[in-house]
Amino acid sequence: MADGNLFGIDLSAIIGIIIIVAVAIALERLFTRYLSKLAKRVKLEPSTANNLVLTFRILILISAVLSIGQVGGLQPEWVLSISAIGGAALGFASTKTIGNFIAGLFLLAARPFKVGDYVRIGTVEGIVQEITINYTKVLTIGNNTVSISNLQILDRDITNFYKSEGQLDLYCYTFEIGFDHSVSTEKIAQIFAEVFERHMYMLPKKPSYMLTRSSAFERVYVVYLYVEHPEDIFVLRPQIAEEVFKRWDMERTKQ
């Protein structure tokens, strides 16, 4: 070794390359462990979790190669060529795909919902079946699976009906029922009480209701339905609504 060279290679460049490799390995292990824990916590599909880990590994590798090239005295045209190849590879992905990817990362970090939650995303509501980097899949009451791009989710109102009460993990689902003024308020209260009582054996908590608005033509009530399992909402909501309207029709015919 002479004049700071080892086998004809500048010693400072060798040290810089070693540092870059060590930092890249440390970052790769750190991100892999963090993303694996995050995937388990938010219940990501294995394929989605693996793709997420692979994406970060590729980004770290590209950054390390470019840094080594600069430290090692790689000619500028080589650095530009590597950057061009990376840019071309990214060019195959559309702006929307990249946006979905970034939105997916944001959803994973913010966690407005998780797999199994009953949610309303814009006009779509149902049980979250899967959260991927690009799409979120929701099972609706019609037994259809709707895939919503993560970029669209960020632009929509999100309602998560999950509610924790002490040691109980519940879903408080709300829906509206409207009536005209042909039946008195007292009778409507009686109808709600009778219908709710008939379903109490299936529920962890008695449903409730509240008058939300009234006009010259109708009165609108919001019903609070409490369930332990989100799939029960698919069954109980139409049952309760149908029974309420049947009792209301019976009362109207008596007028």
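A charge sits over a ring if NZ of Lys or CZ of Arg is within 6 Å of the ring centre and within 35 degrees of the ring normal. The views below all come from a predicted model.

**View 1. Two lysines sit over tyrosine rings.**
K205 lies over the face of Y226, at 4.5 Å from the ring centre. In the other example here, the charged end of K114 is found over the ring of Y162, 4.5 Å from its centre.

**View 2. F161 and Y173 make a tilted aromatic pair.**
How many aromatic pairs are there? The count is 16 aromatic pairs. In this one, the ring centres of F161 and Y173 are 5.0 Å apart and the planes make 55 degrees, so the pair is classed as tilted. It's a link between distant parts of the chain, with F161 in the loop between β7 (158-160) and β8 (162-165), and Y173 twelve residues away in strand β9 (residues 168-179). Both F161 and Y173 are buried.

**View 3. F245 and W248 meet edge-to-face on helix α7.**
With ring planes at 70 degrees and centres 6.1 Å apart, F245 and W248 count as an edge-to-face pair, because planes over 60 degrees apart fall in that class. Both residues belong to helix α7 (residues 231-253), where three residues, about one turn of the helix, separate them. Are the two rings buried or exposed? F245 is partly exposed, at 31% relative accessibility, whereas W248 is buried, at a relative accessible area of 9%. Zoom out a little and the two turn up again in one aromatic cluster, together with F179, F192, F196, Y209 and Y221.

**View 4. Four antiparallel strands form an open sheet.**
Reading across the sheet, the order is β8-β9-β11-β10, and the pairing is antiparallel. Which strands stand at the edges? They are β8 and β10 (208-214), each with a single partner strand, so one side of each has no neighbour in the sheet. From one strand to the next, the twist averages 35 degrees. Inside the sheet, β9 and strand β11 (residues 219-227) run antiparallel and are joined by nine bridges. T174, for one, has Y224 in β11 as its bridge partner.

**View 5. Helices α6 and α7 lie across the sheet strands.**
Helix α6 (residues 185-198) lies across β9, β10 and β11, and it runs at about 15 degrees to β11. Helix α7 lies across β9 and β11, at about 35 degrees to β9.

**View 6. The largest nonpolar core draws on helices and strands.**
This core has 27 residues, and the members that touch the most others are Y118, F175, I177, F179, F192 and V244. At least two residues come from each of β9, α6, β11 and α7. Which element gives the most? That's α7, with seven residues. Now look at Y118: setting aside neighbours within four places in sequence, its contacts include T159, N160 and F161, plus Y171 and Y173, and also P230, I233 and F234. E125, G126 and I127 are among the contacts of Y118 too. Apart from this core there's another, of 17 residues, among them L35, F56, L107 and I131.

**View 7. V124 and T140 come together across sequence.**
V124 is part of strand β4 (residues 124-131), while T140 is in the loop between β5 (135-139) and β6 (145-149). They're 16 residues apart along the chain, and their C-alpha atoms are separated by 7.5 Å. Both are buried: V124 has a relative accessible area of 16%, and T140 has 14%. Not counting residues up to four places away in sequence, V124 touches V119, V138, T140, V146, I148 and R156. On the same basis, T140 touches V124, E125, G126, V146 and F234.

**View 8. Two hairpins join β4, β5 and β6.**
Strands β4 and β5 run antiparallel, with four bridges between them, and the hairpin that joins them does so through three residues. Here I127 stands opposite L139 in β5. Next along, β5 pairs with β6, again in the antiparallel sense, over five bridges. V138 has V146 in β6 as its bridge partner. Which residue takes a positive phi in the hairpin of β5 and β6? N143 does, near 65 degrees, and this hairpin has five residues between its strands.

Key:
Residues are numbered from 1 along each chain as its sequence is written. This is a predicted model: local features need pLDDT of at least 70, side-chain atom pairs count only at pLDDT 80 or more; totals for chains, interfaces and linings use all residues. Side-chain values use heavy atoms; hydrogens and water are left out. Rings of Phe, Tyr and Trp (its six-membered ring) pair if their centres lie within 6.5 Å; planes under 30 degrees apart count as stacked, over 60 as edge-to-face and the rest as tilted. Buried means under 20% relative accessible area, exposed over 50%, partly exposed in between (1.4 Å probe, protein chains only). Two strands pair if DSSP finds at least two bridges between them. Axes are lines fitted to C-alpha atoms, for helices over the stretch in contact, and angles run from 0 to 180 degrees between N-to-C directions. Contact means heavy atoms within 4.5 Å. A nonpolar core is a set of buried Ala, Val, Leu, Ile, Met, Phe, Trp, Tyr and Cys residues joined through side-chain atoms within 4.5 Å.
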